[in-house]
Amino acid sequence: MSLKKNILALREKKAKIQKGGGDAAIEKQVAMGKMTARERIVTLLDENSFHEYDMFVQHEERNFGMDKKELAGDGVITGTGTIFGAPVCVYAQDFTVMGGSLGLKHARKITKIMDHALKLRVPCIGINDSGGARIQEGIGALAGYGEIFYRNTLASGVIPQISVILGPCAGGAVYSPALTDFVFVVENISKMFITGPNVIETVLGEKISQEDLGGARVHAEITGNAHFYAESELECFDQIKKLISFIPWNNSQKAKSFEPKKPKSKKNIEDIIPSDPKQPYDVRDVIKVLVDDSDFFEIQELFAPNIVIGFGRMNGETIGFVANQPMYLAGVLDCDSSDKAARFIRYCDSFNIPIITLEDMPGYLPGVDQEHAGVIRHGAKMLYAYSEATVAKITVILRKAYGGGYIAMNSRHLGADFVFSWPSAEIAVMGPEGAANIIFRKEIMEAEDQDAMRQIKVQEYIEKFANPYVAASKGYIDGVIEPAETRALLLHSLEVSKNKEDYRPTKKHGIPPF
Amino acid sequence: MTAEQKKDFVDFAVTARKYKTLLTPKYKTRKFWVNPDPMDVYSSIPGTVVDIYVKEGDLVEEGQQIMILEAMKMRNTIEMPFTAKIKKINIKLGDRIPKDTLLMQLEK
């Protein structure tokens with residue numbers, strides 16, 4: 001007797017499970033403008049690379065009529081595959097199966113694939129589309145969430161963890177994405193909140209739509225919970241693929257090297273930055289004339305745009321860029337920008353990615369709202385992250401480097417390996433106007449024409465102190481360079497830093513100002 | 001930089017110097033600090049007004065209950081911060097109010 005009969009039976013079983021919640025549920029999913037969980041995985045991964053596991057897992061709940069319910073794959077698809085050849089573990093919650101609700105077995109499928117990812121030392125990508133805890137399973141569902149969070153934490157800094165929000169993600173469910181490295185959201189599709197609009201209205205009387213409360217734009221622009229914002233699922237998958245090409249598979253490897261390329265941008269680096277320190281420009285134009293192929297992959301573009309973070313390549317190797325953005329809020333440091341940069345610096349350090357810092361900032365943002373929002377604690381995160389990092393750290397001061405911000409932006413004092421400065425830089429304890437007002441207060445007050453005297457004194461201060469040569473004379477910066485030399489010097493600095501070894505005192509872990 | 005963006009550049013003061021720059025939506029909608037006036041009673045949480053024990057013109061002793069604001073099923077008693085007269089009541093029974101609503105104004 002041949003195996004034919006068994007094989008046919010298997011195929012039938014598989015075909016049924018692959019239908020998820022069935023045709024009607026799939027139709028609904030499509031009507032919402034969403035792809036199905038299976039389509040998402042297939043679209044994201046290299047062609048024919050996906051292999052599914054735990055297809056036949058079933059829930060064990062017997063209450064509330066659940067004993068009569070068979071749920072395809074218990075509402076989640078898990079497996080392995082490749083992206084541009086890079087191995088990844090992946091899971092996708094299937095909204096067509098009981099709203100993608102999370103029960104204990106559903107969660108155990110996820111934790112199993114996460115355990116795989118951690119053991120195999122490969123990135124783990126989670127596609128979230130779930131109504132939340134499966135209420136019928138009660139505390140079993142909560143246990144499931146907890147077991148996921150625990151693994152998210154253990155895997156943090158060991159393998160890259162990516163969360164894709166392609167549907168609702170509410171209540172406890174939001175904390176898994178929050179614990180991962182990068183969160184992707186899509187306009188009109190992603191919704192994230194701890195308590196939804198209904199509860200908020202019932203309890204507190206505040207009326208708000210799902211979109212305004214926790215839509216994609218809100219998380220990309222206001223909360224900073226999301227790192228990448230896309231207008232469609234396809235654009236989102238392209239972003240994920242591009243990210244995977246920039247990062248290493250785990251923390252003991254380096255990101256894949258690419259063919260070195262010259263920058264494409266034909267902009268003259270000297271012309272990008274206005275000499276007047278009060279005039280803005282787009283610092284991304286500077287990054288684009290420095291990186292290979294002018295290919296800069298920005299992260300958290302919409303959140304705290306006064307600092308720019310992202311990946312680019314130099315000589316084919318992945319580099320993390322942190323740059324003040326004078327185009328927004330004059331490039332000041334504030335709660336959000338410190339938070340954004342600090343987390344990125346820690347990511348780069350965890351995954352062996354050298355950091356290049358481009359500095360042009362007037363200081364910290366003054367204001368009651370900032371002080372009360374904890375700018376002290378948030379600002380300290382940056383000092384912590386730079387000081388803690390042992391990857392190659394290089395700074396180029398383009399224009400303004402004043403006060404506490406000068407220290408925070410990867411100064412020599414926080415352990416920078418190389419600090420270069422353009423001749424246009426003003427490295428000083430504060431802006432010349434402020435400094436002159438304090439130092440020459442008496443002279444200004446006593447002068448007949450106070451404004452004229454203030455101008456004279458400000459000019460005097462600018463000539464004496466608002467330049468890179470005071471810092472250079474003390475050895476705080478390694479050299480004053482011509483803008484046109486920047487790329488060559490950065491390439492050289494990265495080259496000589498390749499075998500950098502730097503040690504920190506042994507500890508269980510530090511206590512960063514979270 | 002687009003012409004559109006250039007049009008939106010504003011003067012932005014950080015210490016003694018003003019910079020030309022764009023503002024973020026979050027910065028534009030930030031809350032301004034207002035020095036609190038002890039005569040104004042604000043809600044420190046959102047909720048529903050379920051009881052009002054005073055009326056305009058009443059002289060009320062420090063510590064006396066003036067209203068109950070229910071939130072998350074908790075009946076929060078609002079007490080008089082000091083002895084004063086109720087000048088104006090801006091809410092009525094059953095009102096659902098957000099945080100930072102001016103509930104009552106007092107006068108000595």
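Start by selecting A:Tyr384, which in this predicted model sits in helix 15 of chain A, the helix that covers residues 375-388. Counting C-beta atoms inside 10 Å gives A:Tyr384 19 neighbours, and because a residue needs 20 or more to be called buried, A:Tyr384 counts as partly exposed. Leaving aside residues up to four places away in sequence, show the residues that A:Tyr384 touches, and you will find A:Ala342, A:Pro512 and A:Pro513. For a sense of distance, add A:Gly215 to the selection: 169 residues separate A:Gly215 from A:Tyr384 along the chain, and their C-alpha atoms lie 32 Å apart.

**Chain A as a whole**

Now zoom out to the whole of chain A, whose secondary structure comprises 21 helices and 17 strands. Taken along the principal axes, the C-alpha atoms of chain A fill a box of roughly 105 × 55 × 45 Å. Of the 514 residues in chain A, 49% are buried, and among the contacts in chain A that join residues at least 6 apart in sequence, 74% are between residues at least 24 apart.

Colouring chain A by domain is a useful next step, with domain 1 at 4-246, domain 2 made of the two segments 269-430 and 467-496, and domain 3 at 432-465. If you place a centre on domain 2 of chain A and another on domain 3 of chain A, using C-alpha atoms, the two centres are 30 Å apart.

**Strand 5 of chain A**

Within chain A, select residues 161-165, which form strand 5; five of its five residues are buried, so strand 5 of chain A is largely enclosed by the rest of the structure. In a regular strand the side chains alternate between the two faces of the sheet. Turn the view to look at each face of strand 5 of chain A in succession: A:Gln161, A:Ser163 and A:Ile165 are buried on one side, while A:Ile162 and A:Val164 are buried on the other, and both faces are thus covered. Then bring in strand 4 of chain A, residues 124-128, which pairs with strand 5 of chain A in the parallel sense over five bridges. To pick out one of these pairings, select A:Ile125 and look across to its bridge partner in strand 5 of chain A, A:Ile162.

**Helix 21 of chain A**

Move next to residues 486-496, helix 21 of chain A, and highlight its buried residues, A:Thr486, A:Leu490, A:Ser493 and A:Leu494. Looking down the axis of helix 21 of chain A, you will see these buried residues fall within an arc of 100°, so they line one face of the helix. An α-helix has 3.6 residues a turn, so residues three or four places apart point the same way. On the face of helix 21 of chain A turned away from the buried side are the exposed residues A:Ala488, A:Glu495 and A:Val496. To see what covers the buried residues of helix 21 of chain A, display the surrounding elements of chain A, including helix 11 (269-272), helix 12 (283-290), strand 11 (307-314) and strand 14 (393-402).

**Where the chains meet**

With both chains visible, select the contact between them, to which chain A gives 29 residues and chain B gives 27 residues. On the chain A side, the elements that supply two or more residues are helix 7 (197-204), helix 9 (216-223), helix 14 (368-372) and helix 17 (432-439) of chain A. The largest share on that side, three residues, comes from helix 17 of chain A. Coloured by class, the side of chain A that touches chain B shows 17 nonpolar, six polar and six charged residues.

**Chain B**

Finally, hide chain A and follow chain B, which has two helices and 10 strands. The radius of gyration of chain B is 21 Å, well over the 13 Å that the globule rule gives for 108 residues, so chain B is more spread out than a compact globule. The C-alpha trace of chain B spans about 60 × 30 × 20 Å along its principal axes, and 19% of the residues of chain B count as buried.

Now select the open sheet of chain B, in which four strands follow the order 7-6-4-9 with antiparallel pairing. Strand 7 (74-79) and strand 9 (96-97) of chain B stand at the edges with a single partner strand each, so one side of each has no neighbour in the sheet. End at the join between strand 4 of chain B, residues 47-52, and strand 9 of chain B, which run antiparallel and are linked by two bridges; here B:Gly47 stands opposite B:Ile97 of strand 9.

How values were computed. Residues are numbered from 1 along each chain as its sequence is written. Chains are lettered from A and ligands numbered from 1 in the order in which they are written. This is a predicted model: local features need pLDDT of at least 70, side-chain atom pairs count only at pLDDT 80 or more; totals for chains, interfaces and linings use all residues. The radius of gyration is taken over C-alpha atoms; the globule rule is 2.2 Å times the number of residues to the power 0.38. A residue is buried if 20 or more other C-beta atoms lie within 10 Å of its own, exposed if 12 or fewer, and partly exposed in between; C-beta atoms are placed from the backbone. Two strands pair if DSSP finds at least two bridges between them. Two residues are in contact if their C-beta atoms, placed from the backbone, lie within 7 Å. Ala, Val, Leu, Ile, Met, Phe, Trp, Tyr, Cys and Pro count as nonpolar, Asp, Glu, Lys and Arg as charged, and the others, Gly among them, as polar. The arc is that of the directions from the helix axis to the C-beta atoms. Domain bounds come from an automatic or database domain assignment.
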